[in-house]
Amino acid sequence: MDKIISKLLFLAATSSTAILALIALFIFKEGVPIMAKSGLAHFLFGNEWRPLQGMFGIFPFIVGSLWITAGALILGVPLGVCCAVYLAEFSPKKWANILKPAIELLAGIPSVVYGFMGVMWLAPIIRTHLGGPGLSILAASCVLAIMILPTIVGVSIDAINAVPKSYKEGSLALGATEWQTVWRVILPAARSGILAGVILGMGRAVGETMAVIMISGNATIIPNNMLDSVRTLTANIAIEMGYAIGDHRQALFATGVVLFFFIMGLNMIALKFSRRKF
Amino acid sequence: MTNALTAKKLDLYYGDFHALKNVNLAIAPKKITALIGPSGCGKSTLLRVFNRMNELIAGVKITGEVKIFGRTMNKINLLELRKSVGMVFQRPNPFPLTIYDNVIYGLRIHGISKKDILDETAFTSLTSVGLWNDLKDRLKENALKLSGEQQQRLCIARLIALKSDILLMDEPCSALDPIATARIEELMQDLKENYTIVIVTHNMQQAARVSEECGFMLLGELVEFGNTDRIFTAPSDKRTEDYITGRYG
(Lines give C-alpha, C1' and ligand atoms only; values in the text may rest on other atoms or scores of the structure.)
Protein backbone atom coordinates (compact mmCIF):
# COMPACT_ATOMS: atom_id res chain seq x y z
CA MET A 1 0.00 0.00 0.00
CA ASP A 2 2.74 2.42 1.03
CA LYS A 3 4.58 1.65 -2.17
CA ILE A 4 1.58 2.49 -4.32
CA ILE A 5 1.01 5.78 -2.50
CA SER A 6 4.64 6.72 -2.78
CA LYS A 7 4.54 5.87 -6.51
CA LEU A 8 1.44 8.04 -6.93
CA LEU A 9 3.02 10.93 -5.09
CA PHE A 10 6.13 10.53 -7.19
CA LEU A 11 3.97 10.69 -10.31
CA ALA A 12 2.24 13.82 -9.07
CA ALA A 13 5.54 15.47 -8.24
CA THR A 14 7.20 14.66 -11.53
CA SER A 15 4.20 15.52 -13.66
CA SER A 16 3.71 18.93 -12.07
CA THR A 17 7.37 19.74 -12.54
CA ALA A 18 7.23 18.35 -16.05
CA ILE A 19 4.26 20.53 -16.95
CA LEU A 20 6.12 23.63 -15.81
CA ALA A 21 9.23 22.56 -17.64
CA LEU A 22 7.26 21.93 -20.83
CA ILE A 23 5.59 25.32 -20.64
CA ALA A 24 8.97 26.98 -20.22
CA LEU A 25 10.34 24.94 -23.08
CA PHE A 26 7.42 25.92 -25.31
CA ILE A 27 7.84 29.61 -24.57
CA PHE A 28 11.53 29.37 -25.35
CA LYS A 29 10.93 27.40 -28.52
CA GLU A 30 8.47 30.00 -29.74
CA GLY A 31 10.37 33.04 -28.60
CA VAL A 32 14.06 32.38 -29.08
CA PRO A 33 14.14 32.15 -32.92
CA ILE A 34 12.88 35.69 -33.40
CA MET A 35 15.42 36.97 -30.89
CA ALA A 36 18.11 35.28 -32.95
CA LYS A 37 16.62 36.54 -36.19
CA SER A 38 16.50 40.20 -35.26
CA GLY A 39 19.61 39.94 -33.10
CA LEU A 40 19.46 39.79 -29.29
CA ALA A 41 20.87 43.27 -28.82
CA HIS A 42 18.46 44.67 -31.38
CA PHE A 43 15.56 42.91 -29.77
CA LEU A 44 16.40 43.99 -26.21
CA PHE A 45 17.68 47.48 -26.91
CA GLY A 46 15.86 48.46 -30.09
CA ASN A 47 13.64 51.50 -29.71
CA GLU A 48 11.23 50.74 -32.54
CA TRP A 49 8.33 48.39 -32.07
CA ARG A 50 6.62 48.19 -35.48
CA PRO A 51 5.46 44.61 -35.78
CA LEU A 52 3.86 45.16 -39.19
CA GLN A 53 7.16 46.35 -40.64
CA GLY A 54 9.02 43.56 -38.89
CA MET A 55 10.73 45.84 -36.34
CA PHE A 56 10.78 44.28 -32.93
CA GLY A 57 12.59 46.41 -30.37
CA ILE A 58 11.20 45.95 -26.86
CA PHE A 59 13.42 48.47 -25.10
CA PRO A 60 10.54 50.92 -24.49
CA PHE A 61 8.62 48.16 -22.71
CA ILE A 62 11.58 47.16 -20.59
CA VAL A 63 11.98 50.82 -19.62
CA GLY A 64 8.25 51.06 -18.99
CA SER A 65 8.25 48.01 -16.74
CA LEU A 66 11.27 49.25 -14.83
CA TRP A 67 9.86 52.75 -14.33
CA ILE A 68 6.50 51.55 -13.13
CA THR A 69 8.05 48.95 -10.86
CA ALA A 70 10.56 51.39 -9.43
CA GLY A 71 7.79 53.91 -8.82
CA ALA A 72 5.66 51.29 -7.11
CA LEU A 73 8.55 50.33 -4.86
CA ILE A 74 9.44 53.93 -4.00
CA LEU A 75 5.85 54.55 -2.93
CA GLY A 76 5.00 51.12 -1.55
CA VAL A 77 8.10 49.99 0.34
CA PRO A 78 8.36 52.81 2.89
CA LEU A 79 4.62 52.68 3.46
CA GLY A 80 4.60 48.90 3.79
CA VAL A 81 7.64 48.63 6.03
CA CYS A 82 6.44 51.44 8.31
CA CYS A 83 3.07 49.76 8.52
CA ALA A 84 4.72 46.45 9.41
CA VAL A 85 6.89 48.08 12.06
CA TYR A 86 3.87 49.73 13.61
CA LEU A 87 1.77 46.58 13.61
CA ALA A 88 4.58 44.35 14.88
CA GLU A 89 6.13 46.62 17.49
CA PHE A 90 3.99 49.54 18.49
CA SER A 91 0.31 48.93 17.96
CA PRO A 92 -1.89 47.52 20.69
CA LYS A 93 -2.62 43.82 20.09
CA LYS A 94 -6.26 44.65 19.39
CA TRP A 95 -5.37 46.94 16.48
CA ALA A 96 -2.87 44.54 14.98
CA ASN A 97 -5.46 41.81 15.02
CA ILE A 98 -7.84 43.96 13.00
CA LEU A 99 -5.39 45.69 10.69
CA LYS A 100 -3.28 42.74 9.60
CA PRO A 101 -6.19 40.74 8.16
CA ALA A 102 -7.57 43.94 6.64
CA ILE A 103 -4.34 44.49 4.75
CA GLU A 104 -4.29 40.86 3.69
CA LEU A 105 -7.79 41.37 2.30
CA LEU A 106 -6.35 43.98 -0.06
CA ALA A 107 -4.65 41.09 -1.85
CA GLY A 108 -8.04 39.59 -2.56
CA ILE A 109 -9.34 42.51 -4.62
CA PRO A 110 -9.12 41.59 -8.34
CA SER A 111 -6.59 43.64 -10.23
CA VAL A 112 -9.23 44.80 -12.74
CA VAL A 113 -10.96 46.59 -9.88
CA TYR A 114 -7.78 48.38 -8.95
CA GLY A 115 -7.29 49.30 -12.59
CA PHE A 116 -10.84 50.55 -12.93
CA MET A 117 -10.48 52.76 -9.86
CA GLY A 118 -7.23 54.08 -11.28
CA VAL A 119 -8.85 54.98 -14.59
CA MET A 120 -11.96 56.53 -13.14
CA TRP A 121 -10.51 58.34 -10.19
CA LEU A 122 -6.73 58.57 -10.09
CA ALA A 123 -5.96 59.33 -13.77
CA PRO A 124 -8.31 62.36 -13.92
CA ILE A 125 -6.77 63.76 -10.74
CA ILE A 126 -3.28 63.45 -12.20
CA ARG A 127 -4.42 64.92 -15.52
CA THR A 128 -6.03 67.92 -13.87
CA HIS A 129 -3.43 68.71 -11.27
CA LEU A 130 -0.13 67.57 -12.75
CA GLY A 131 -0.80 67.57 -16.46
CA GLY A 132 -0.08 64.94 -19.11
CA PRO A 133 -2.53 62.34 -20.29
CA GLY A 134 -3.26 61.06 -16.78
CA LEU A 135 -2.85 57.45 -17.85
CA SER A 136 0.82 57.37 -16.91
CA ILE A 137 3.74 55.87 -15.06
CA LEU A 138 2.72 57.79 -11.96
CA ALA A 139 -0.83 56.46 -12.02
CA ALA A 140 0.32 52.90 -12.60
CA SER A 141 2.96 53.17 -9.87
CA CYS A 142 0.41 54.44 -7.36
CA VAL A 143 -1.97 51.60 -8.08
CA LEU A 144 0.78 48.97 -8.06
CA ALA A 145 2.16 50.37 -4.81
CA ILE A 146 -1.16 49.56 -3.18
CA MET A 147 -1.31 46.18 -4.85
CA ILE A 148 2.08 45.10 -3.49
CA LEU A 149 1.37 46.35 0.04
CA PRO A 150 -0.11 43.09 1.34
CA THR A 151 2.97 41.14 0.30
CA ILE A 152 5.42 43.61 1.77
CA VAL A 153 3.50 44.13 5.00
CA GLY A 154 2.84 40.45 5.54
CA VAL A 155 6.38 39.25 4.94
CA SER A 156 7.88 42.17 6.88
CA ILE A 157 5.70 41.52 9.92
CA ASP A 158 6.81 37.90 9.93
CA ALA A 159 10.44 38.97 9.59
CA ILE A 160 10.15 41.43 12.48
CA ASN A 161 8.38 38.94 14.69
CA ALA A 162 11.14 36.42 14.00
CA VAL A 163 13.76 38.70 15.56
CA PRO A 164 14.65 37.20 18.95
CA LYS A 165 13.05 39.06 21.86
CA SER A 166 16.43 39.07 23.60
CA TYR A 167 17.71 41.68 21.14
CA LYS A 168 14.90 44.00 22.05
CA GLU A 169 15.38 43.40 25.78
CA GLY A 170 19.10 43.98 25.49
CA SER A 171 18.64 47.24 23.69
CA LEU A 172 15.98 48.57 26.05
CA ALA A 173 18.12 47.55 29.02
CA LEU A 174 20.88 49.78 27.67
CA GLY A 175 18.52 52.73 27.89
CA ALA A 176 17.40 52.82 24.26
CA THR A 177 13.93 54.06 23.41
CA GLU A 178 11.52 51.80 21.57
CA TRP A 179 12.16 53.68 18.36
CA GLN A 180 15.94 53.49 18.69
CA THR A 181 15.60 49.79 19.32
CA VAL A 182 13.52 49.31 16.20
CA TRP A 183 15.79 51.43 14.04
CA ARG A 184 19.15 50.21 15.24
CA VAL A 185 18.56 46.59 16.17
CA ILE A 186 15.27 45.14 15.02
CA LEU A 187 15.25 46.45 11.46
CA PRO A 188 18.87 45.48 10.78
CA ALA A 189 18.15 42.03 12.21
CA ALA A 190 15.01 41.66 10.11
CA ARG A 191 16.63 43.17 7.04
CA SER A 192 16.99 40.02 4.98
CA GLY A 193 13.38 39.00 5.58
CA ILE A 194 12.09 42.46 4.74
CA LEU A 195 14.19 42.50 1.60
CA ALA A 196 12.72 39.16 0.58
CA GLY A 197 9.25 40.69 0.98
CA VAL A 198 10.23 43.69 -1.11
CA ILE A 199 11.54 41.47 -3.88
CA LEU A 200 8.42 39.32 -3.85
CA GLY A 201 6.38 42.51 -4.13
CA MET A 202 8.62 43.61 -6.97
CA GLY A 203 7.94 40.33 -8.75
CA ARG A 204 4.27 40.96 -8.42
CA ALA A 205 4.65 44.50 -9.78
CA VAL A 206 6.66 43.34 -12.78
CA GLY A 207 4.18 40.59 -13.57
CA GLU A 208 0.97 42.54 -13.06
CA THR A 209 -0.90 42.97 -16.32
CA MET A 210 -4.56 43.92 -16.18
CA ALA A 211 -4.36 46.96 -13.92
CA VAL A 212 -1.29 48.17 -15.77
CA ILE A 213 -2.88 47.91 -19.20
CA MET A 214 -5.81 49.93 -17.95
CA ILE A 215 -3.90 52.84 -16.47
CA SER A 216 -0.44 53.09 -18.00
CA GLY A 217 -1.61 54.47 -21.36
CA ASN A 218 0.27 51.86 -23.42
CA ALA A 219 2.28 54.22 -25.63
CA THR A 220 5.15 52.39 -27.35
CA ILE A 221 7.66 55.13 -26.67
CA ILE A 222 10.45 55.67 -24.20
CA PRO A 223 9.02 57.95 -21.50
CA ASN A 224 10.58 61.27 -20.55
CA ASN A 225 8.99 61.65 -17.15
CA MET A 226 6.54 60.16 -14.66
CA LEU A 227 3.56 61.73 -16.41
CA ASP A 228 4.13 60.02 -19.76
CA SER A 229 2.22 57.01 -20.95
CA VAL A 230 4.19 53.79 -21.23
CA ARG A 231 3.64 50.17 -22.12
CA THR A 232 5.06 47.33 -20.03
CA LEU A 233 6.30 43.92 -21.13
CA THR A 234 3.21 42.22 -19.79
CA ALA A 235 0.88 44.71 -21.41
CA ASN A 236 2.62 44.26 -24.74
CA ILE A 237 1.73 40.57 -24.82
CA ALA A 238 -1.83 41.04 -23.65
CA ILE A 239 -2.64 43.88 -26.02
CA GLU A 240 -1.31 42.40 -29.24
CA MET A 241 -1.90 38.70 -28.79
CA GLY A 242 -5.31 38.86 -30.48
CA TYR A 243 -4.00 39.63 -33.95
CA ALA A 244 -0.35 38.55 -33.88
CA ILE A 245 0.82 36.00 -36.42
CA GLY A 246 4.16 34.77 -37.65
CA ASP A 247 7.17 36.76 -36.50
CA HIS A 248 4.93 39.11 -34.56
CA ARG A 249 3.52 36.21 -32.57
CA GLN A 250 7.03 34.94 -31.94
CA ALA A 251 8.12 38.38 -30.80
CA LEU A 252 5.38 38.32 -28.18
CA PHE A 253 6.63 34.96 -26.94
CA ALA A 254 10.10 36.45 -26.84
CA THR A 255 8.72 39.24 -24.67
CA GLY A 256 7.50 36.44 -22.43
CA VAL A 257 11.00 34.98 -22.30
CA VAL A 258 12.39 38.29 -21.12
CA LEU A 259 9.69 38.52 -18.45
CA PHE A 260 10.44 34.97 -17.45
CA PHE A 261 14.09 35.84 -16.76
CA PHE A 262 13.12 39.03 -14.97
CA ILE A 263 10.84 37.29 -12.53
CA MET A 264 12.96 34.19 -12.11
CA GLY A 265 15.91 36.40 -11.25
CA LEU A 266 13.87 38.30 -8.67
CA ASN A 267 12.56 35.13 -7.09
CA MET A 268 16.02 33.67 -6.85
CA ILE A 269 17.28 36.78 -5.09
CA ALA A 270 14.29 36.66 -2.74
CA LEU A 271 14.96 33.02 -1.94
CA LYS A 272 18.58 33.75 -1.22
CA PHE A 273 17.73 36.54 1.19
CA SER A 274 14.95 34.70 2.96
CA ARG A 275 17.23 31.74 3.66
CA ARG A 276 19.97 33.85 5.15
CA LYS A 277 20.06 33.72 8.91
CA PHE A 278 20.92 36.68 11.05
CA MET B 1 28.73 55.23 52.38
CA THR B 2 25.39 55.38 50.57
CA ASN B 3 24.05 52.03 49.56
CA ALA B 4 23.97 51.33 45.86
CA LEU B 5 20.49 49.88 45.96
CA THR B 6 17.87 49.81 48.64
CA ALA B 7 14.38 48.41 48.62
CA LYS B 8 11.78 49.07 51.29
CA LYS B 9 8.49 47.23 51.58
CA LEU B 10 8.74 46.19 47.98
CA ASP B 11 5.78 44.23 46.64
CA LEU B 12 5.28 43.13 43.08
CA TYR B 13 2.24 41.58 41.46
CA TYR B 14 1.88 39.95 38.05
CA GLY B 15 -1.87 40.39 37.73
CA ASP B 16 -3.14 38.45 40.78
CA PHE B 17 0.12 36.65 41.41
CA HIS B 18 2.08 38.06 44.33
CA ALA B 19 5.63 37.61 43.04
CA LEU B 20 7.61 39.66 45.54
CA LYS B 21 6.45 39.93 49.12
CA ASN B 22 7.58 42.78 51.32
CA VAL B 23 11.21 42.71 50.26
CA ASN B 24 13.63 44.87 52.21
CA LEU B 25 17.30 44.95 51.39
CA ALA B 26 20.33 47.18 51.05
CA ILE B 27 23.07 46.41 48.58
CA ALA B 28 26.49 47.88 49.26
CA PRO B 29 28.47 49.56 46.48
CA LYS B 30 31.50 47.96 44.85
CA LYS B 31 30.73 44.52 46.13
CA ILE B 32 29.31 41.42 44.54
CA THR B 33 25.92 40.53 45.93
CA ALA B 34 24.33 37.22 45.01
CA LEU B 35 20.64 36.35 45.03
CA ILE B 36 19.99 32.65 45.33
CA GLY B 37 16.92 30.48 45.63
CA PRO B 38 14.98 27.81 43.79
CA SER B 39 13.43 28.46 40.38
CA GLY B 40 10.42 30.74 40.51
CA CYS B 41 11.36 32.25 43.87
CA GLY B 42 11.39 35.76 42.43
CA LYS B 43 15.13 36.42 42.34
CA SER B 44 15.16 37.40 38.66
CA THR B 45 12.03 39.46 39.17
CA LEU B 46 13.71 41.30 42.02
CA LEU B 47 16.77 41.93 39.84
CA ARG B 48 14.58 43.30 37.08
CA VAL B 49 12.95 45.75 39.49
CA PHE B 50 16.22 47.66 39.67
CA ASN B 51 16.29 48.62 35.99
CA ARG B 52 12.53 48.58 35.57
CA MET B 53 12.57 45.77 33.03
CA ASN B 54 9.50 44.21 34.63
CA GLU B 55 7.47 47.05 33.25
CA LEU B 56 7.72 45.59 29.75
CA ILE B 57 5.28 42.94 30.91
CA ALA B 58 1.65 43.94 30.87
CA GLY B 59 -0.21 43.83 34.17
CA VAL B 60 2.72 44.34 36.52
CA LYS B 61 2.11 46.36 39.67
CA ILE B 62 4.91 47.43 41.97
CA THR B 63 4.59 49.13 45.35
CA GLY B 64 7.19 50.18 47.87
CA GLU B 65 10.29 52.28 47.65
CA VAL B 66 13.47 51.61 45.69
CA LYS B 67 16.48 53.88 45.84
CA ILE B 68 19.55 53.97 43.63
CA PHE B 69 22.48 55.61 45.41
CA GLY B 70 19.99 57.38 47.63
CA ARG B 71 17.78 58.68 44.83
CA THR B 72 14.23 57.46 44.55
CA MET B 73 14.09 55.24 41.48
CA ASN B 74 10.82 56.49 40.07
CA LYS B 75 12.12 60.05 40.04
CA ILE B 76 15.02 59.11 37.79
CA ASN B 77 14.41 59.33 34.05
CA LEU B 78 13.84 55.78 32.81
CA LEU B 79 16.49 55.95 30.10
CA GLU B 80 19.06 57.46 32.48
CA LEU B 81 18.25 54.77 35.02
CA ARG B 82 18.85 51.98 32.54
CA LYS B 83 22.06 53.63 31.48
CA SER B 84 23.44 53.59 35.00
CA VAL B 85 21.94 50.25 36.00
CA GLY B 86 22.95 47.84 33.25
CA MET B 87 21.90 44.27 32.81
CA VAL B 88 23.61 41.11 31.61
CA PHE B 89 21.21 38.40 30.53
CA GLN B 90 21.11 34.66 30.93
CA ARG B 91 21.68 34.04 27.23
CA PRO B 92 24.34 36.30 25.78
CA ASN B 93 22.43 38.70 23.55
CA PRO B 94 24.83 40.66 21.39
CA PHE B 95 23.01 42.43 18.58
CA PRO B 96 23.47 41.11 15.05
CA LEU B 97 25.81 44.00 14.32
CA THR B 98 29.56 44.27 14.21
CA ILE B 99 31.57 43.81 17.38
CA TYR B 100 32.45 47.50 17.28
CA ASP B 101 28.84 48.61 16.86
CA ASN B 102 27.83 46.40 19.74
CA VAL B 103 30.32 47.92 22.16
CA ILE B 104 29.44 51.50 21.36
CA TYR B 105 25.70 50.88 20.93
CA GLY B 106 24.94 52.53 24.25
CA LEU B 107 26.94 55.62 23.41
CA ARG B 108 25.29 55.99 20.02
CA ILE B 109 21.78 55.80 21.43
CA HIS B 110 22.67 58.35 24.03
CA GLY B 111 23.73 60.76 21.34
CA ILE B 112 27.51 60.43 21.23
CA SER B 113 28.80 60.23 17.67
CA LYS B 114 32.36 61.60 17.81
CA LYS B 115 34.60 59.01 16.25
CA ASP B 116 37.56 59.45 18.59
CA ILE B 117 35.38 59.10 21.69
CA LEU B 118 33.74 55.98 20.25
CA ASP B 119 37.08 54.44 19.30
CA GLU B 120 38.57 55.23 22.68
CA THR B 121 35.56 53.72 24.46
CA ALA B 122 35.64 50.59 22.33
CA PHE B 123 39.28 50.16 23.29
CA THR B 124 38.85 50.71 27.02
CA SER B 125 35.67 48.64 27.32
CA LEU B 126 37.00 45.69 25.37
CA THR B 127 40.25 45.88 27.31
CA SER B 128 38.52 45.80 30.66
CA VAL B 129 36.62 42.63 29.74
CA GLY B 130 39.78 41.06 28.34
CA LEU B 131 38.68 40.93 24.72
CA TRP B 132 40.78 43.63 23.12
CA ASN B 133 43.84 41.55 22.30
CA ASP B 134 41.79 38.78 20.74
CA LEU B 135 39.40 40.97 18.81
CA LYS B 136 41.23 44.17 17.93
CA ASP B 137 41.61 43.04 14.31
CA ARG B 138 38.07 41.65 14.07
CA LEU B 139 36.06 44.68 15.18
CA LYS B 140 34.14 44.81 11.91
CA GLU B 141 33.03 41.17 12.11
CA ASN B 142 29.53 40.16 13.12
CA ALA B 143 29.32 39.70 16.88
CA LEU B 144 27.24 36.55 16.48
CA LYS B 145 30.35 34.75 15.22
CA LEU B 146 31.94 34.94 18.68
CA SER B 147 31.91 32.08 21.17
CA GLY B 148 29.37 32.10 23.99
CA GLU B 149 31.92 33.32 26.49
CA GLN B 150 33.16 36.07 24.20
CA GLN B 151 29.56 37.11 23.52
CA GLN B 152 28.86 37.38 27.23
CA ARG B 153 32.05 39.41 27.73
CA LEU B 154 30.95 41.64 24.86
CA CYS B 155 27.60 42.18 26.56
CA ILE B 156 29.45 43.24 29.71
CA ALA B 157 31.67 45.53 27.63
CA ARG B 158 28.54 47.26 26.32
CA LEU B 159 27.67 48.24 29.88
CA ILE B 160 31.19 49.35 30.69
CA ALA B 161 31.16 51.57 27.62
CA LEU B 162 28.08 53.27 29.03
CA LYS B 163 29.83 53.79 32.38
CA SER B 164 27.05 52.01 34.21
CA ASP B 165 27.47 52.07 37.99
CA ILE B 166 25.59 48.91 38.77
CA LEU B 167 25.73 45.66 36.81
CA LEU B 168 22.77 43.35 37.20
CA MET B 169 23.63 39.84 36.08
CA ASP B 170 20.82 37.40 35.53
CA GLU B 171 22.40 33.93 35.61
CA PRO B 172 25.19 35.17 33.34
CA CYS B 173 26.98 31.81 33.20
CA SER B 174 24.13 29.37 32.84
CA ALA B 175 24.61 29.11 29.06
CA LEU B 176 28.39 28.70 29.38
CA ASP B 177 30.65 25.72 30.01
CA PRO B 178 32.58 25.40 33.32
CA ILE B 179 35.83 26.87 32.00
CA ALA B 180 34.09 29.89 30.49
CA THR B 181 32.14 30.22 33.73
CA ALA B 182 35.34 30.34 35.77
CA ARG B 183 36.74 33.02 33.50
CA ILE B 184 33.62 35.16 33.68
CA GLU B 185 33.75 34.82 37.47
CA GLU B 186 37.34 36.03 37.37
CA LEU B 187 36.22 38.99 35.31
CA MET B 188 33.57 39.80 37.90
CA GLN B 189 36.25 39.92 40.58
CA ASP B 190 38.20 42.42 38.49
CA LEU B 191 35.13 44.51 37.82
CA LYS B 192 34.02 44.91 41.41
CA GLU B 193 36.82 47.42 41.94
CA ASN B 194 34.71 49.87 40.01
CA TYR B 195 31.23 48.45 39.82
CA THR B 196 28.47 47.24 42.06
CA ILE B 197 27.49 43.79 40.87
CA VAL B 198 24.28 41.97 41.69
CA ILE B 199 24.17 38.43 40.38
CA VAL B 200 21.23 36.07 40.31
CA THR B 201 22.27 32.45 40.22
CA HIS B 202 20.76 29.06 40.86
CA ASN B 203 24.27 27.72 41.32
CA MET B 204 25.04 27.88 45.03
CA GLN B 205 28.73 27.12 44.56
CA GLN B 206 28.93 30.10 42.25
CA ALA B 207 27.30 32.35 44.82
CA ALA B 208 29.68 31.08 47.49
CA ARG B 209 32.70 31.60 45.21
CA VAL B 210 32.06 35.06 43.88
CA SER B 211 29.86 36.99 46.27
CA GLU B 212 30.55 38.87 49.46
CA GLU B 213 26.93 39.29 50.35
CA CYS B 214 24.11 36.96 49.62
CA GLY B 215 20.34 36.91 49.77
CA PHE B 216 18.24 33.77 49.88
CA MET B 217 14.78 34.00 48.36
CA LEU B 218 11.86 31.62 48.59
CA LEU B 219 8.35 32.02 47.21
CA GLY B 220 8.74 35.75 46.69
CA GLU B 221 10.19 36.46 50.11
CA LEU B 222 13.70 37.52 50.90
CA VAL B 223 14.26 34.99 53.67
CA GLU B 224 17.72 35.96 54.68
CA PHE B 225 20.31 38.49 53.61
CA GLY B 226 23.85 38.98 54.83
CA ASN B 227 27.50 38.09 54.61
CA THR B 228 27.97 35.16 52.23
CA ASP B 229 30.31 33.21 54.47
CA ARG B 230 27.90 33.47 57.34
CA ILE B 231 24.88 32.47 55.23
CA PHE B 232 26.67 29.40 53.98
CA THR B 233 28.13 28.37 57.33
CA ALA B 234 25.65 29.56 59.91
CA PRO B 235 22.30 30.49 58.36
CA SER B 236 19.91 31.90 60.89
CA ASP B 237 16.75 30.73 59.16
CA LYS B 238 15.77 27.08 58.99
CA ARG B 239 14.63 27.42 55.36
CA THR B 240 17.99 28.81 54.27
CA GLU B 241 19.76 25.96 55.96
CA ASP B 242 17.49 23.42 54.27
CA TYR B 243 18.17 24.94 50.86
CA ILE B 244 21.91 25.21 51.33
CA THR B 245 22.24 21.68 52.61
CA GLY B 246 20.34 20.55 49.54
CA ARG B 247 17.07 19.46 51.09
CA TYR B 248 15.16 21.07 48.23
CA GLY B 249 15.70 23.34 45.26
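# Exercises on a Predicted Two-Chain Model

Of the 131 residues that make up the largest nonpolar core, A139(A) and V143(A) touch the most other members. The model is predicted, and the exercises below work through its core, its chains and its sheets.

## Exercise 1: The core and chain A

**Task.** Determine which helix gives the largest share of the largest nonpolar core, and which residues V143(A) is in contact with beyond its neighbours within four places in sequence.

**Solution.**

Step 1. Begin with the two residues that touch the most other core members, A139(A) and V143(A). Helix α6 of chain A, residues 137-161, provides the largest share of this core, with 18 residues.

Step 2. Set aside the neighbours of V143(A) within four places in sequence; its contacts are then Y114(A), G115(A), G118(A), L122(A), A211(A) and I215(A).

Step 3. A second core, separate from this one, has 14 residues, among them M35(A), F56(A), F61(A) and I62(A).

Step 4. Place these results in the chain. Chain A has 11 helices and two strands, and its pattern along the sequence is α-α-β-β-α-α-α-α-α-α-α-α-α. Of its 278 residues, 42% count as buried. Among its contacts between residues at least 6 apart in sequence, 75% link residues at least 24 apart. Along the principal axes, the C-alpha atoms of chain A fill a box of roughly 70 × 70 × 30 Å.

## Exercise 2: The contact between the chains

**Task.** State how many residues each chain brings to the contact, and describe the side of chain A that touches chain B by element and by class.

**Solution.**

Step 1. Chain A brings 17 residues to the contact and chain B brings 21 residues.

Step 2. On the chain A side, α7 (165-173) and α8 (178-207) each supply at least two residues. The largest share there, seven residues, belongs to α7(A).

Step 3. Sorted by class, this side of chain A holds nine nonpolar, six polar and two charged residues.

## Exercise 3: The six-stranded sheet of chain B

**Task.** Give the strand order of the six-stranded sheet of chain B, and explain why one side of β6(B) and of β10(B) is left without a neighbour in the sheet.

**Solution.**

Step 1. The order of this open sheet is β6-β7-β8-β3-β9-β10, with mixed pairing.

Step 2. β6 (85-88) and β10 (221-227) of chain B stand at the edges and have a single partner strand each, so one side of each lacks a neighbour in the sheet. From one strand to the next, the twist averages 20°.

Step 3. Follow the pairs. β6(B) and β7(B) run parallel and are joined by four bridges, with V85(B) opposite I166(B) in β7(B). Five bridges pair β7(B) with strand β8 (residues 196-200) of chain B, also in the parallel sense; here L167(B) stands opposite I197(B). Between β7(B) and β8(B) the chain passes through helix α8 (residues 178-191) of chain B, and this β-α-β crossover is right-handed.

Step 4. Strand β3 (residues 32-36) of chain B runs parallel to strand β9 (residues 213-218) of chain B, with four bridges between them. One bridge partner pair is T33(B) and E213(B).

## Exercise 4: Strand β7 of chain B

**Task.** Is strand β7(B) largely enclosed or left open by the rest of the structure?

**Solution.**

Step 1. In a regular strand, side chains alternate between the two faces of the sheet.

Step 2. From β7(B), I166(B), L168(B) and D170(B) point one way, while L167(B) and M169(B) point the other way; all are buried.

Step 3. Because five of the five residues of β7 (residues 166-170) of chain B are buried, this strand is largely enclosed by the rest of the structure.

## Exercise 5: The four-stranded sheet and V49(B)

**Task.** Describe the pairing in the four-stranded sheet of chain B, and decide whether V49(B) is buried or exposed.

**Solution.**

Step 1. This open sheet has the order β2-β1-β4-β5 and antiparallel pairing. β2 (17-27) and β5 (71-72) of chain B are the edge strands, each with a single partner, so one side of each has no neighbour in the sheet.

Step 2. Eight bridges pair strand β1 (residues 5-14) of chain B with strand β4 (residues 60-68) of chain B in the antiparallel sense. In β4(B), T63(B) is the bridge partner of D11(B).

Step 3. V49(B) lies in helix α1 (residues 43-49) of chain B. V49(B) has 25 C-beta neighbours inside 10 Å and therefore counts as buried, the cut-off being 20 or more.

Step 4. Beyond its neighbours within four places in sequence, V49(B) is in contact with L10(B), L12(B), N54(B), I62(B) and V66(B). V49(B) and V66(B) are 17 residues apart along the chain, and their C-alpha atoms are separated by 8.5 Å.

Note on methods: Residues are numbered from 1 along each chain as its sequence is written. Chains are lettered from A and ligands numbered from 1 in the order in which they are written. This is a predicted model: local features need pLDDT of at least 70, side-chain atom pairs count only at pLDDT 80 or more; totals for chains, interfaces and linings use all residues. Two residues are in contact if their C-beta atoms, placed from the backbone, lie within 7 Å. Ala, Val, Leu, Ile, Met, Phe, Trp, Tyr, Cys and Pro count as nonpolar, Asp, Glu, Lys and Arg as charged, and the others, Gly among them, as polar. Two strands pair if DSSP finds at least two bridges between them. Axes are lines fitted to C-alpha atoms, for helices over the stretch in contact, and angles run from 0 to 180 degrees between N-to-C directions. A nonpolar core is a set of buried Ala, Val, Leu, Ile, Met, Phe, Trp, Tyr and Cys residues joined through C-beta atoms within 7 Å. A residue is buried if 20 or more other C-beta atoms lie within 10 Å of its own, exposed if 12 or fewer, and partly exposed in between; C-beta atoms are placed from the backbone. A crossover is right-handed if, with the strands pointing away from the viewer, the path from the first strand over the helix to the second runs clockwise.
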